[in-house]
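Hi,

Here is the structure I promised to pass on. Have a look at it first, and then read my notes underneath.

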Amino acid sequence: MKLTYLSAALLLASPFVQANGLDLNLSKAMPAIEKFYLDLHQSPELSYHEQKTGNKIADKLTQLGFKVTSNVGGFGVVGIYKNGNGPTVMIRTDTDGLPIIEQTGKSYASKVKVIDEHGAKVGVMHGCGHDIHMSSFIGTAEQLIVHKDQWKGTLMMVAQPAEEVGGGAKAMLSEGLFSKYAKPDHIIALHVSASVPAGKVSMKNEYTMASVDSVDITIKGKGGHGAYPHTTIDPVVIAARTVLALQTITSRELSPLEPSVITVGSIHGGSKHNVISDEVKLQLTLRSYNPNVRSAQIAAIKRITAGIAQSAGLDESNYPVVYVHEDESIPSTYNNPAQTDIVRNSIASAIGDTNVLETQAVMAGEDFGLYGRTDENIPITLFWLGGVNQAQYADSIKTGEVLPSLHSSKFAPDYKIAIPTGIKAMSNAAVALFNK
């Protein structure tokens, strides 16, 4: 993720400058929150397996006085706290870990290993910072209850499973998240950043994260002996032509002003040096912001693959099969400008103007965007929470060394600064939306 960088001295200013935000005294609350974080970090669960994690979240919300429902859309949790008449503000966190063996060297590193759906033994790690998200989420719930005299309305806390596989938001919405529990007027979330120093947040209006589509292409041919290619229709050659042709979609069919990525991440075909196979399989990931661009990408892929197959001599019944994994499709995340301005100003009042950065959109995806694409058209805002140790960040700026990214086995956020910053930022954002 690229940022609008400020000077190193300004970036490393104190993360706890207090202006006009809530008067949060976190010194008493943080030991328990940090203990909660360390427990989450050391006991991550993979997507669709977050039962124990969901129970921990449910227990915390119940203790705070929320009306809690568990096992929503899998192991999702919904907590409702009614505090008089006013808007409904939904705060969302994600709960699943990743199949990564942690290599941070931290004393609290995850040592969890499980058998995945393919029968392989894999490590499990919160390599995307969902443990930071959940800890900030519970800390925010605590502070909003402590300071409930400063807001009126319904607080809706949603702990969503299966974000990493793009299924959690869909599952919770399909089970009636907005009809059975509450219909939000505002929805907010945070995501830890691996390129912003701890103690700071960053955000932008409008598109902030991309849509994501997984596409499979099966290219058929007519196999035979490698010494007699003239008696075959070689799917490897067709696949090679297809991979190159797909690159012209972004470069020659779409406006250069509209971001688009089409990546062929996997290609498999053939079994032996002198055998021409019957088929080759491709796996693609598509990224964009504009839904119209996404539709144009898919239409062009289908047209180009069919055209190349026809030019190779295949009849229509043997044209490539293009399969879009609609169940895994994630829309882009669009930060409502008016709401995001309120969030930005409220956070700046709490942690200081110099600690709120403007960022650029990224081509990574997040199913949080789906909450704003329902028929209700609810405004959403996702902001980035700095996670990089400040000294490590300054050293990276000085040396040019690349920091460990999200999903890296070496990603180790500075939780002692990131979590209280997240609590202050999210608590103040929620109160501002309640009182706007």
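Let me start with a helix pair: α9 and α11 lie oblique to each other, because an angle of about 130° between them falls outside the ranges for roughly parallel, roughly antiparallel and roughly perpendicular. Please keep in mind that this is a predicted model. The two helices span residues 337-351 (α9) and 415-434 (α11), and their axes are 8 Å apart. The crossing of α9 past α11 is right-handed.

Which residues of α9 and α11 meet? From α9 there are Q339, I342, V343, S346, I347, A350 and I351, and they meet T421, K424, A425, N428, A429, A432 and L433 of α11. By class, this contact of α9 with α11 has 9 nonpolar residues, 4 polar and 1 charged.

Now to the pockets. The largest pocket holds about 700 Å³ of space. It is lined by 24 residues, and E164, R287, A364, G365 and H407 are the closest to its centre. Two elements, β7 (186-197) and β10 (211-220), give two or more residues each to this lining, and β7 gives the most, with 4. The lining of the largest pocket consists of 11 nonpolar, 8 polar and 5 charged residues.

The second largest pocket has a volume of about 420 Å³. Of its 17 lining residues, L46, S47, H49, D116 and E117 come closest to the centre. Here the lining divides into 9 nonpolar, 4 polar and 4 charged residues.

Happy browsing, and best wishes!

Notes
Residues numbered from 1 in each chain as written. Predicted model: local features only at pLDDT ≥ 70, side-chain atom pairs only at ≥ 80, totals over all residues. Heavy atoms only, no water. 1 Å grid on protein atoms, 1.4 Å probe; cavity = no way out; pocket = protein on both sides within 12 Å on 5 of 7 lines; lining within 4 Å. Points joined across faces, edges and corners; volume = space filled by probe spheres on them. Nonpolar A, V, L, I, M, F, W, Y, C, P; charged D, E, K, R; others polar. Axes fitted to C-alpha atoms, helices over the stretch in contact; angles between N-to-C directions. Parallel < 35°, antiparallel > 145°, perpendicular 65-115°, else oblique. Left-handed = near helix turned anticlockwise from the far one by under 90°. Contact = heavy atoms within 4.5 Å.
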